[in-house]
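User: Could you pick one part of this model and take me through it closely, side chain by side chain? I'd like the cut-offs spelled out as you go.

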Amino acid sequence: MPRLSGVRWRFCSRWDEQPAAELGKSFLRLGICGIEDWSGSAVDFVERGFRRFAKANGADEANRVWAGDLRIADYLYPLSEPERNQLEGDADGSIEKLFLVGEYHAAASMPIGAALADLEREHRLLPAAFYKILVHNLWKWMRVYDYSDAVEHSELWLSELDEDSEPNSVYRKVKEGLPPCLTTSCSVSENKARRILRETDSSLRSSILRELVRYVLALDDLGRGFRHPWAGALIKKFPEIEELLDGADGCGPGCLISWHENDEIKACFDEEMRCIGQEGPLEPPIVLAIPLRGSVHQVDKAVKEVLAYAAAMLRSLARVAKIVEIIREIDDEHLRQHRLQPRIPAEPGPARLREEQL
């Protein structure tokens, strides 16, 4: 559920209320907040409007699969009370920007192998087209951990193995595990992939696969014109955040795309996730700046742009949640038909995820 961050439980100082009041005025002008949202606190005012905005754009549907926060914050990372007091003591009391920060607390599992096999039975190039458009759009809203990451990880560690250990290593099996239906994916351009998906949509015999293809085409439409706002892209405009990013220890993925649960990709993922974040906080995967200085027109224009990205992100994650659920159902059916046992719990946890914790 989206939330406003950087606010202490017991009280709000002028450093909290002043930027919230500036943003609140813009929210009021843009219709995100209404007079009825005012309770005497600018922080509460903004939070009420933003929560309503998020819910209207599919936050509840997205939360069925994705565990994380989309929050408005005055700092990129959560601060302890002493850290915040120190920063406020060094500042002049004027905050000129806020941040929209998106974070994932877990990587949603997407065992896609069985779905790709079903798509291949319908059309030879359909798996490659589906995979390319799905991953291309996921990267607009998160870091994706998939086959390419596992290959990079495995090649790094293969160089450290002796000749006797290498043939039986899980790292050697990563490249060998690539489904044949994806070997042509590099030669399928995004435009060709979209054309294949549209042309095969109505001719698919399986209603489940038709639904899957239509969801990924809708996802592609929702993401058109948007790019992933990495935190590093803001350094040129806000040099002061470079020091914060230098202390980050990686960026956690929002999803894990494997062929099957507990396969070689998952093994590489687990190894990497055991090490990430040990040397410092994780870099937020989504960061957009909300400037609070300038004319009313300039501030409102900047806020509208940030909210447009947030709306597209939430609507897309709500759509991908349906894709993930279908892919998991296909995988579960594959396990039942072949009398296989899932190698991690198939029942969703409290966040309705197969808990791959960062």
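**Around helix 13**

Analyst: Happy to, starting with two aromatic residues: both Trp141 and Tyr309 are buried (under 20% relative accessible area; exposed is over 50% and partly exposed is in between, with a 1.4 Å probe and protein chains only). Please keep in mind that the model is predicted, so local features need pLDDT of at least 70 and side-chain atom pairs count only at pLDDT 80 or more, while totals for chains, interfaces and linings use all residues. Residues are numbered from 1 along each chain as its sequence is written, and side-chain values use heavy atoms, leaving out hydrogens and water.

First, the setting. The protein has 13 helices and eight strands (DSSP runs numbered from the N terminus: helices are H or I with at least four residues, strands E with at least two). Of its 358 residues, 51% are buried. If you take contacts (heavy atoms within 4.5 Å) between residues at least 6 apart in sequence, 81% of them join residues at least 24 apart.

Now the aromatic rings. There are 10 aromatic pairs, by a rule in which rings of Phe, Tyr and Trp (its six-membered ring) pair if their centres lie within 6.5 Å, with planes under 30 degrees apart called stacked, over 60 edge-to-face and the rest tilted. In one of them, Trp66 and Tyr104 have ring centres 6.4 Å apart and planes at 70 degrees, so this pair is edge-to-face. Trp66 sits in the loop between helix 3 (59–62) and strand 2 (68–73), while Tyr104 belongs to strand 3 (residues 97–104), so the pair links distant parts of the chain, 38 residues apart. Both residues are covered: Trp66 is buried at 4% relative accessible area, and Tyr104 is buried at 7%.

That brings us back to Trp141 and Tyr309, which form a tilted pair, 5.1 Å from centre to centre with 55 degrees between the planes. Here the link spans 168 residues, from Trp141 in the loop between helix 6 (126–138) and strand 5 (144–145) to Tyr309 in helix 13. Elsewhere, Tyr131, Tyr147 and Trp259 make up one aromatic cluster.

What else does helix 13 pack against? Helix 13 (residues 296–337) meets helix 2 (residues 42–56) at an angle of about 45 degrees, with the axes 9 Å apart; axes are lines fitted to C-alpha atoms, for helices over the stretch in contact, and angles run from 0 to 180 degrees between N-to-C directions. The two helices are therefore oblique to each other (angles under 35 degrees are roughly parallel, over 145 roughly antiparallel, 65 to 115 roughly perpendicular, and the rest oblique). On the helix 2 side the contact uses Phe50, Phe53 and Ala54, and on the helix 13 side Leu307, Ala310, Ala311 and Leu314. By class, that contact has seven nonpolar residues, no polar ones and no charged ones (nonpolar covers Ala, Val, Leu, Ile, Met, Phe, Trp, Tyr, Cys and Pro; charged covers Asp, Glu, Lys and Arg; the others, Gly among them, are polar).

Helix 13 also helps to cover helix 5 (residues 113–122). In helix 5, Gly113, Ala114, Ala115, Leu116 and Leu119 are buried, and their cover includes strand 4 (106–111), helix 6, helix 10 (207–223), strand 6 and helix 13.

Charged side chains reach this helix too. The structure holds 18 salt bridges (a side-chain nitrogen of Lys or Arg within 4 Å of a carboxyl oxygen of Asp or Glu). One of them joins Arg64 and Glu325, at 2.5 Å from N to O. Arg64 is in the loop between helix 3 and strand 2 and Glu325 is in helix 13, so the bridge ties together parts that are 261 residues apart in sequence. Glu325 is buried, at 18% relative accessible area, whereas Arg64 is partly exposed at 28%.

For contrast, here is a local bridge. Lys25 and Glu22 meet at 3.6 Å, N to O, and both lie in helix 1 (residues 14–30), three residues apart, about one turn of the helix. An α-helix has 3.6 residues a turn, so residues three or four places apart point the same way. Both ends are partly exposed, Lys25 at 44% and Glu22 at 25%.

Finally, Glu190, Arg194, Asp220, Asp221 and Arg224 are linked in a salt-bridge network. Within it, Asp220 and Arg224 pair at 3.3 Å, N to O; Asp220 is buried at 1% relative accessibility, while Arg224 is partly exposed at 46%.
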